[in-house]
Amino acid sequence: MKKFNLIVITLITLVLSTTTFATVSLELSTGVNVSAPGNPLYINPARDANWIVRTTPGGVVNQPGWIKYGMGGWNNIPGTLPIFGNTDAPGTSEYERCFCITNLDGAKLDVSMRADNKANLYVNSYFNPILPTVLNNTFNTALSAVSSSYTASNGLKLGKNCIRVRVNNESGLTGFAVKATAQVQAGQDTYQENGCCKQGSPVFSEQLRKGAGDVLEPTN
């Protein structure tokens with residue numbers, strides 16, 4: 001009997017050690033309707049409820065993002081639509097998109113961004129932005145979209161994770177597009193309302209933002 005139990009334990013150990021857990025892909029891009037099968041781009045609705053407009057120079061606070069259709073080449077990131085805060089006023093706006101991770105093993109977030117005029121992207125803190133300067137006028141189609149990846153070693157964590165984008169508009173039309181996909185063994189979009197989002201809120205504060213050298217604020 002002891003020998004039989006030992007064989008069973010050995011077999012279970014081998015199965016567990018060779019089991020590959022399925023990877024879940026979380027679609028976090030701007031302009032994507034994650035509530036519909038296949039995560040299609042929005043067609044008619046004017047709002048992207050998954051990306052929140054936190055602040056704008058025009059006074060918009062904590063509202064679903066407004067989608068900009070037909071903006072042309074500057075926002076040309078396949079699989080996205082650009083959004084903005086329903087104002088083209090000069091100055092800095094901030095946007096947020098959150099998701100949950102319940103297992104950090106192998107978790108990875110890939111992001112690409114275009115913005116008019118300049119932007120920085122942050123994950124879970126105002127430290128380590130996607131670009132250290134504002135020299136990224138990526139609405140210019142002659143320039144590539146800026147890209148970065150995040151894992152547990154440089155920003156991702158258990159529970160609630162948030163992407164924040166700060167966009168500075170110099171004049172005229174504004175907006176930004178982000179292509180973002182998280183690959184995780186266990187986790188889900190906040191659209192699905194899961195309790196893991198109550199764990200460990202990301203660290204965002206004005207003090208940390210200023211300490212990170214964010215120079216997107218207008219100088220006058």
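**Exercise 1. Decide whether Glu-94 is buried or exposed, and place it in the fold.**

*Solution.* Start with accessibility: Glu-94 has a relative accessibility of 3%, so it counts as buried, the cut-off being under 20%. Keep in mind as you work that this is a predicted model. Next, find the element: Glu-94 belongs to strand E5, which covers residues 91-103.

Now look at the surroundings. Setting aside neighbours within four places in sequence, the residues in contact with Glu-94 are Ile-52, Val-53, Arg-54, Thr-55, Tyr-126, Arg-164, Val-165 and Arg-166.

**Exercise 2. Find which side chains make polar contacts with the side chain of Glu-94.**

*Solution.* Take the two arginines in turn. The side chain of Arg-54 makes a polar contact with that of Glu-94 at 2.7 Å. The side chain of Arg-164 does so too, at 3.3 Å. Both values fit the limit for a polar contact, within 3.5 Å.

**Exercise 3. Work out what the salt bridge between Arg-54 and Glu-94 ties together.**

*Solution.* First check the pair: the side chains of Arg-54 and Glu-94 meet in a salt bridge, with 2.7 Å from N to O. Then locate the ends. Arg-54 sits in strand E2 (residues 47-55) and Glu-94 in strand E5, so the bridge ties together parts that lie 40 residues apart in sequence.

Finally, consider exposure at each end. Arg-54 has a relative accessible area of 24%, which makes this residue partly exposed, whereas Glu-94, at 3%, is buried.

**Exercise 4. Do the same for Glu-96 and Arg-164, then place both pairs in their network.**

*Solution.* The side chains of Glu-96 and Arg-164 form a salt bridge of 2.7 Å, N to O. This pair links distant parts of the chain: Glu-96 is in strand E5 and Arg-164 in strand E9 (residues 159-169), 68 residues apart.

Here both ends are buried: Glu-96 has a relative accessibility of 14%, and Arg-164 has 8%.

Now step back to the network. Salt bridges link Arg-54, Glu-94, Glu-96, Arg-164 and Arg-166. Both pairs you have just worked through, Arg-54 with Glu-94 and Glu-96 with Arg-164, have their residues in this network.

**Exercise 5. Turn to Glu-27 and describe its surroundings, its polar contacts and its salt bridge.**

*Solution.* Begin with position and accessibility. Glu-27 is found in strand E1, and its relative accessibility of 14% makes it buried.

For the contacts, leave out residues up to four places away in sequence. Glu-27 then touches Val-32, Val-34, Asn-39, Arg-97, Lys-179, Ala-180, Thr-181 and Asp-189.

The side chain of Glu-27 makes polar contacts with two side chains: Ser-29 at 2.4 Å and Lys-179 at 3.2 Å.

Last comes the salt bridge. The side chains of Glu-27 and Lys-179 meet in one, at 3.2 Å from N to O. Glu-27 is in strand E1 (residues 24-27) and Lys-179 in strand E10 (residues 175-184), so this pair ties together parts 152 residues apart in sequence. As for exposure, Lys-179 is partly exposed, with a relative accessible area of 26%, while Glu-27 is buried at 14%.

**Exercise 6. State how many salt bridges a search of the whole structure finds.**

*Solution.* The search finds 8 salt bridges. Among them are Glu-27 with Lys-179, Arg-54 with Glu-94, and Glu-96 with Arg-164.

Key: Residues numbered from 1 in each chain as written. Predicted model: local features only at pLDDT ≥ 70, side-chain atom pairs only at ≥ 80, totals over all residues. Heavy atoms only, no water. Helix = DSSP H or I, 4+ residues; strand = E, 2+ residues; numbered from the N terminus. Polar contact = N/O pair within 3.5 Å; in protein donor to acceptor, adjacent residues only side chain to side chain. Contact = heavy atoms within 4.5 Å. Salt bridge = Lys/Arg side-chain N within 4 Å of Asp/Glu carboxyl O. Buried < 20%, exposed > 50% of the residue type's maximum accessible area, 1.4 Å probe, protein only.
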